[in-house]
Amino acid sequence: MRRIDLKKAQAARLNTIRDINRQIVLNYVREREPISRAEIARETELQRSTVSEIVDSLSAEGLIEEIGEGESTGGRRPTLLRLRTVGAIAIGVAINPTRTTVATSDLAGRIIAQEGSFTDPEPDRTLDNVIDCVRHFSEKNKDSIEAVGISIPGLVDPSTGSAIYVPYFNWRDLPIVERVSSATGLPVTIDNDANAIALAELWFGRPEVNDARDFILVLVAEGVGTGIIFDGQVYRGERGAAGEFGHMIVGSGAPVACSCGNDDCWEAFSSERAALARYTKLIGPEASAAELDFAELVDHALAGEHAAKAALIETAHYIGIGISNLVVGFSPEAVVVSGEITRAWALVETALTEKIERTVRRGLPSARILPSTLGEQPTLRGALSLVLASKFAAAFAA
Ligand SMILES: [Zn+2]
């Protein structure tokens, strides 16, 4: 039961029915393509004429297209519809602690072109690079780019478009949306990386995830971030600051300092940096003179190297402690783990899940702990989905 928001009631009254029907038809095409008008009408129980009217307007807006005729079930062969696949409509910008990637995608989220560079700790230089890339892609695609989505590894206020705090570079109160938008003339949306990935899982993830109304995304990277999907949308909290579970306290004496400076945060036990520190301790500082990055550590573990495996398993144990706390508190349908560590899923799955199985929830159906299926660049998929999800989401809650 949801309490009505009277401040939004007037607009909702005028637009709700039309808007909801439009989103229903668009999402039937998105999820069941290729599909005919008659099938949509049958499955949605909308009037055939209503469906045709909505299909015409979605075609005119360039969201869906006809792709020829399907099998006849007696009578005329039906015309089949699908999402429009031609051309780039979105630009995604993933600002990661080490690299920044800018890419274009079509309406279905397929990446068309991308460029990358090292993230400069000097924010003006990073933003200038981003602006150059966005301009370049925008000009290359004439007028087809509709908006830009940006993901960053820190606290964001989505209502003002400012990065409140990015711990890796100590960026504070950086008006990113204003800068990129005024320089490129395009609408820009920004969100925290874990929230953006959670949104991408909700709209473009595997069915076990995107059919869930409540799930939690855990991003294990240089830091640890979480995105909470509550009732089919990102839960943001006051000023968009919800989901900072990376900084919940899980113990003391972590192998590295947290990005916030403390040594008792979940992130300090569970991040890629924590795993690398454990590995260095196991093999000795001399042997680790040629410094590994985390991807190489995973490669070593997959190749069977004992110390690399031990470092990953111990790290997974701490990731599991945090996930267990989240599951006890939220009772989500699923927890999705994103990051390079998922390449070693078979190796770390037991360590990840054993804590959860021993909690107070014994006897309750346990939340599924799943690796992300968004591929190698989850933050980029997240950045793109900030633009794409708004095309498919209902403007007003049903
Ligand atoms: Zn912290």
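What spacing do the donors of the zinc ion follow along the chain? They follow the pattern H-x10-C-x1-C-x4-C. Keep in mind as you look around that this is a predicted model.

Let's put names to that pattern. The zinc ion is coordinated by the ND1 atom of His247 and by the SG atoms of Cys258, Cys260 and Cys265, at 2.0 to 2.4 Å. The angles among the 4 donor atoms run from 100 to 122°, and the site is tetrahedral. For comparison, the ideal angle for four tetrahedral donors is 109.5 degrees. Now look at how two of the cysteines sit in the protein. Cys258 has a relative accessible area of 5%, so it counts as buried, the cut-off being under 20%. Cys260, with a relative accessible area of 33%, is partly exposed.

Next, let's turn to empty space. Rolling a probe the size of a water molecule over the atoms shows where such space is left. In this model, the second largest pocket has a volume of about 1200 Å³. It is lined by 40 residues, and those closest to its centre are Thr98, Glu222, Glu272, Ala295 and Glu340. Several elements give two or more residues to the lining, among them strand E5 (99-105), strand E12 (215-220), helix H10 (294-302) and helix H13 (378-392). Which element gives the most to this lining? The answer is H9, with 6 residues. Sorted by character, the residues of the lining comprise 16 nonpolar, 14 polar and 10 charged ones.

Charged side chains also pair up with one another, and the count here comes to 18 salt bridges. A good one to start with joins Arg179 to Asp124, whose closest N and O atoms are 3.1 Å apart. Arg179 lies in helix H5 (residues 176-184) and Asp124 in helix H4 (residues 123-140), so this pair ties together parts that are 55 residues apart in sequence. Both partners are partly exposed: Arg179 has a relative accessibility of 26%, and Asp124 has a relative accessible area of 38%. The pair does not stand alone, since Asp124, Asp128 and Arg179 are linked in a network of salt bridges.

Another salt bridge brings together the side chains of Lys391 and Glu146, at 2.4 Å from N to O. Because Lys391 lies in helix H13 and Glu146 in the loop between H4 and strand E7 (147-152), the pair ties together parts that are 245 residues apart in sequence. Helix H13 may sound familiar: it is one of the elements that help to line the second largest pocket. Glu146 is partly exposed, at 36% relative accessibility.

Now find Asp191 and Arg236, which form a salt bridge with their closest N and O atoms 2.7 Å apart. This pair also links distant parts of the chain, 45 residues apart: Asp191 is in strand E11 (residues 188-192), while Arg236 is in the loop between strand E14 (233-234) and helix H8 (266-270). Is Asp191 buried or exposed? At 2% relative accessibility, Asp191 counts as buried, whereas Arg236 is partly exposed, with a relative accessible area of 28%.

Our last stop is helix H8, where you will find Glu267. Glu267 is buried, with a relative accessible area of 2%. Its C-alpha atom is separated by 5.0 Å from that of Val224, although the two residues are 43 residues apart along the chain.

Note on methods: Residues numbered from 1 in each chain as written. Predicted model: local features only at pLDDT ≥ 70, side-chain atom pairs only at ≥ 80, totals over all residues. Heavy atoms only, no water. Donors = N, O, S within 2.8 Å, 3.2 Å for Na, K, Ca; no water. Tetrahedral: all angles 85-135°; square planar, octahedral: opposite > 155°, others 65-115°. Buried < 20%, exposed > 50% of the residue type's maximum accessible area, 1.4 Å probe, protein only. 1 Å grid on protein atoms, 1.4 Å probe; cavity = no way out; pocket = protein on both sides within 12 Å on 5 of 7 lines; lining within 4 Å. Points joined across faces, edges and corners; volume = space filled by probe spheres on them. Helix = DSSP H or I, 4+ residues; strand = E, 2+ residues; numbered from the N terminus. Nonpolar A, V, L, I, M, F, W, Y, C, P; charged D, E, K, R; others polar. Salt bridge = Lys/Arg side-chain N within 4 Å of Asp/Glu carboxyl O.
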